[in-house]
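Q: Hey, I've got a structure open and I'd like to talk it through. Can you help me make sense of it?

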Number of protein chains: 2
Amino acid sequence: MKDIRQKIVALLKEGYATPQIARMAKRLHEPSTTIHYNIKRLEKDKVIIRYKGIFTYAKIDQGYCTFLLINLVQEKYADPESVAREIAKSDLVESVNVITGDYELLLKLRCKDVDEYYAFVKGAIKKHGFAKVISLTSIKELKGEFVQKS
Amino acid sequence: MKDIRQKIVALLKEGYATPQIARMAKRLHEPSTTIHYNIKRLEKDKVIIRYKGIFTYAKIDQGYCTFLLINLVQEKYADPESVAREIAKSDLVESVNVITGDYELLLKLRCKDVDEYYAFVKGAIKKHGFAKVISLTSIKELKGEFVQKS
DNA sequence: ATATGTTATTGAATATTATTCAAAAATTAA
DNA sequence: TTAATTTTTGAATAATATTCAATAACATAT
């Protein structure tokens, strides 16, 4: 049942990981109880939010990466945040930022392919009011949330 | 010694976390050995690259987030990748993408403040050949690698 | 359909690791 | 300096990952 793999990946996207206290202890030459104590503090203080898995996106149907620069229609211009919050709900959306400059929003999308990307943009323009959308397609990702690559 | 905290954060940025097999097993109603087996497969197949911590950036001196759209100088235009690889080495750089459109590179920076950001840009323009740089400053991050927020 | 090789599932045993606890040390505030 | 608070740490325990071997499921060829 390959089904389990997908479920595992889904869980690891959200969290379901935990720090390796013993390994950190060895690396830092400190007792593991000291590391444990300090990690719990960092968690309580919300410095650390969670622990999650990092993936090879092409292998989980998210190989097509694009950035969208968005101008909102006049009516929504005053409150980009509520639009952003709505957009953020989509699984295809990796990040949403309200920005300064010529555009109001910057999205990072991770889609399976151009078709999925197109469907998203088409739907989003209609659903939320986008006056203008500039798409920047990533043709090579040299660094991402997952540290370095080739 | 608050020093330990910083070291822990540094390690968790790179990895030093591990999946919670038992918790996933309960959640998915599967034996933990089944989850274990499948996770190891995902790791071997490089579907899962690593596990890392996610932070509140403002609390680890990275509260100032910007995106840079970059045009390379003529001499470097033919090989944006090698420039990108160099830039990627900086700790301030969260992501580097070679993109299509009016610009060659898109960077995401996480700095402590405007000063650090300015120092980076100033240095980068000189060091790597940037013909033009457009900065998009994030004034609100509604979604990031760390799932949802307020 | 049946045999054969491969991959996946699983329980039981073991090895590792996280967690708790209590005491001591270090730091901070008064 | 003293008192209060936070941090460090070792020992004991609890929880979890890992290994192993057996079985099941699946795919492929005959």
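Q: So, how many salt bridges does a search of the whole structure find over all chains?
A: Over all chains, the search finds 20 salt bridges. The term means a side-chain nitrogen of Lys or Arg within 4 Å of a carboxyl oxygen of Asp or Glu. Before we go on: this is a predicted model, where local features need pLDDT of at least 70 and side-chain atom pairs count only at pLDDT 80 or more, while totals for chains, interfaces and linings use all residues. Residues are numbered from 1 along each chain as its sequence is written, chains are lettered from A and ligands numbered from 1 in the order they are written, and side-chain values use heavy atoms, with hydrogens and water left out.

Q: Cool. Which residue does Lys40(A) form a salt bridge with?
A: Its partner is Glu43(A), with the closest N and O atoms 3.1 Å apart. The two sit three residues apart in helix α3 of chain A, so about one helical turn separates them. Helices here are DSSP runs of H or I with at least four residues, strands are E runs with at least two, and both are numbered from the N terminus.

Q: And how many salt bridges are there between chain B and chain A?
A: Zero between those two chains. The rule does find 36 residue pairs in polar contact across that interface, both residues at pLDDT 80 or more. A polar contact is a pair of N or O atoms within 3.5 Å; within protein, one must be able to donate a hydrogen and the other to accept it, and residues adjacent in sequence count only if both atoms are side-chain atoms.

Q: What classes of residue are on chain B's side of that?
A: The side of chain B that touches chain A has 36 nonpolar, 15 polar and 21 charged residues. Ala, Val, Leu, Ile, Met, Phe, Trp, Tyr, Cys and Pro count as nonpolar, Asp, Glu, Lys and Arg as charged, and the others, Gly among them, as polar.

Q: How many residues does each chain put into the contact?
A: Chain B gives 72 residues and chain A gives 72 residues, where contact means heavy atoms within 4.5 Å. About 6,800 Å² is buried between the two chains, with carbon and sulfur atoms giving 63% of that. Buried area is the accessible area (1.4 Å probe) that two parts lose on being put together, summed over both.

Q: Which strands pair up between the chains?
A: Strand β2 (residues 48-55) of chain A pairs with strand β2 (residues 48-55) of chain B, in the antiparallel sense and over seven bridges. For two strands to count as paired, DSSP has to find at least two bridges between them. As one example, Phe55(A) has Ile48(B) in β2(B) as its bridge partner.

Q: Switching to the DNA: which residues are closest to strand C?
A: Ile21(A), Ala22(A), Tyr37(B), Asn38(B) and Arg41(B) are the closest of the 18 residues that surround DNA strand C. A residue counts as near if one of its heavy atoms lies within 4 Å of the strand. Of the atoms of DNA strand C that come within 4 Å of the protein, sugar and phosphate account for 69%.

Q: What reaches the phosphates of strand C?
A: An N or O atom in the side chain of Arg5(A) is 3.0 Å from a phosphate oxygen of DNA strand C. For His36(A), a side-chain N or O atom is 3.1 Å from a phosphate oxygen of that strand. Ala22(A) uses a polar backbone atom instead, at 2.5 Å.

Q: Which helix gives the largest share of the surface near strand C?
A: That's α3(B), with five residues.

Q: What about DNA strand D, which residues come nearest?
A: Tyr37(A), Asn38(A), Arg41(A), Ile21(B) and Ala22(B) come nearest, out of 18 residues around DNA strand D. The largest share of the surface near this strand, five residues, comes from α3(A). A polar side-chain atom of Tyr37(A) lies 2.7 Å from a phosphate oxygen of DNA strand D.
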